[in-house]
Structures are given as structure tokens and as C-alpha cells.
Amino acid sequence: MAELKVKECNKFASKSKAPSKGSNLSSKCAKLVKQQRARIYILRRCATMLLCWYIHGDD
């Protein structure tokens, strides 16, 4: 019984490992979007920090 479950799991795992062209494209797009969001976040934090230094530096 356990061997049957392992075979079934392997069957499903092999199908999920071979993505179709559509899902491969969407995963690449998702990765690019995630990278761009991270870059924008870092730029926003840096701009905020520089602005705070500029405003509070005149004291």
C-alpha cells in the first residue's frame, strides 16, 4: 500500500516539475516584478533617509 502511494506521488511530482511554456513565462514575469518592487523599495527608503537628513541637518 505504501509503495502505491509513493508511485502516485512520484507521478504527480514529475508532472509538476515540467512547467508548461505559459507558467514558465508567468513565473519569469513574477520574478521580474518582485525584483523591481525590491529596487523601488530600496530607492524609496534611501530617498526618505536623505530627505530626513537634509531637513534635520539645518538645526
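## Cysteines

C29 has a relative accessibility of 40%, so this residue counts as partly exposed. C52 is also rated partly exposed, because its relative accessibility is 38%. Both values fall in the class that lies between buried, under 20%, and exposed, over 50%.

Does either cysteine belong to a disulfide, or how many such bonds are there? Searching the whole structure turns up zero disulfides.

## Overall fold

This is a predicted model. The protein contains two helices. Strands number zero. Helix 2 covers residues 21–56.

## Burial and surface

The protein has 59 residues, and buried ones make up 0% of them. A residue would need under 20% relative accessible area to count as buried.

About 6,000 Å² of the protein is exposed. Carbon and sulfur atoms supply 65% of that area.

## A nonpolar patch

Which residues make the nonpolar surface patch of about 360 Å²? The patch is made by M49, L50 and W53.

M49 sits in helix 2. Its relative accessibility is 40%, so M49 counts as partly exposed.

Technical notes. Residues are numbered from 1 along each chain as its sequence is written. This is a predicted model: local features need pLDDT of at least 70, side-chain atom pairs count only at pLDDT 80 or more; totals for chains, interfaces and linings use all residues. Side-chain values use heavy atoms; hydrogens and water are left out. Patches are made of residues with over 30% relative accessible area and no salt bridge: like charges are joined within 9 Å, nonpolar side chains (Val, Leu, Ile, Met, Phe, Trp, Tyr) within 5 Å. Accessible areas come from the Shrake-Rupley method with a 1.4 Å probe; for residues, only the protein chains shown count as cover. A salt bridge is a side-chain nitrogen of Lys or Arg within 4 Å of a carboxyl oxygen of Asp or Glu. Helices (H or I, at least four residues) and strands (E, at least two) are DSSP runs, numbered from the N terminus. Buried means under 20% relative accessible area, exposed over 50%, partly exposed in between (1.4 Å probe, protein chains only). A disulfide is a pair of cysteine sulfur atoms within 2.5 Å.
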